[in-house]
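Hi,

Here is the structure I said I would pass on. Have a look at it first, and my notes follow below.

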Amino acid sequence: MTGIHTERTIGFAHFVHTDPTSKCFRLHGHNWRIEVDIESEIHKDGMIVDFNVIKSIIDEMDHKVVVPQDLINNPGKKKIWEETNSDVLSKHEFETIAVMTTGLVYEDDGRRSVKYYEFPREDVFIFPREFGAVTSENISKYLWNKFLTVVQDRTERLASIKVTVWEGEKSYAYTEDDAA
Ligand SMILES: [Zn+2]
């Protein structure tokens with residue numbers, strides 16, 4: 001069996017909305033190193049999967065804010081800002097995505113730990129609902145599924161895919177499965 005390996009480091013922001021007691025509940029960022037291993041049949045074009053295809057799938061999240069689809073509030077909302085003293089910004093429309101998290105933890109002053117963010121639409125990557133919270137584990141599952149689709153389009157004799165997602169120097173999650 002022949003295999004390919006590639007790795008790429010991207011940067012993006014996230015938060016883990018499922019644990020309001022963790023510091024990861026707050027918006028923050030990492031440099032994520034993504035490693036991909038695919039063993040499969042070589043397609044008639046001489047490749048298992050073009051490295052550029054793998055790169056473009058990973059890069060969809062690069063330099064974005066990655067938010068869980070379930071938390072998106074009023075997508076496509078447009079806002080008009082009026083800055084009467086500025087010629088440039090006298091009137092402008094922004095397409096935004098609003099995101100709200102609802103934790104169950106109460107702060108010392110009694111406020112509920114709810115966060116509300118609003119981002120420019122083009123800066124957001126929407127993490128599909130079926131993968132849940134934006135964690136290293138779920139990112140590896142999401143990417144694994146994307147690469148599975150790519151490989152299945154090229155051959156019926158898939159052997160294995162492994163996706164490793166490093167979120168720190170010593171911490172990683174991976175998804176690996178024998179899909180043959
Ligand atoms: Zn994090």
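How many helices and strands does the secondary structure of the protein come to? The count is 2 helices and 9 strands, and do keep in mind that this is a predicted model. Going along the sequence, you will meet them in the order β-β-α-β-β-β-β-β-α-β-β.

On the overall numbers: the protein has 180 residues, and 22% of them are buried. If you take the contacts between residues at least 6 apart in sequence, 60% of those link residues at least 24 apart.

Next, the core. The largest nonpolar core holds 26 residues, and I34, V36, I38, L143, F147, V151 and V163 have the most contacts inside it. At least two residues each come from β2 (28–40), α1, β3, β5 (92–106), α2 (136–152) and β8 (160–166). The largest share belongs to α2, with 5 residues. This fits a general tendency: in soluble globular proteins, nonpolar side chains tend to be buried together.

I38 is a good place to start clicking around. Leaving out residues up to four places away in sequence, I38 touches G3, I4, I48, V49, F147, V151 and I161. Two of these partners, F147 and V151, are also on the list of core residues with the most contacts.

One backbone detail to check is H63, which sits in the loop between α1 (51–59) and β3 (65–68). Its phi is near 55°, a positive value in a residue other than glycine. Most residues other than glycine have a negative phi. Is H63 buried or exposed? H63 is exposed, because just 12 other C-beta atoms lie within 10 Å, and 12 or fewer counts as exposed.

Cheers

Notes: Residues numbered from 1 in each chain as written. Predicted model: local features only at pLDDT ≥ 70, side-chain atom pairs only at ≥ 80, totals over all residues. Helix = DSSP H or I, 4+ residues; strand = E, 2+ residues; numbered from the N terminus. Buried ≥ 20, exposed ≤ 12 C-beta atoms within 10 Å, placed from the backbone. Contact = placed C-beta atoms within 7 Å. Core = buried A, V, L, I, M, F, W, Y, C linked by C-beta atoms within 7 Å.
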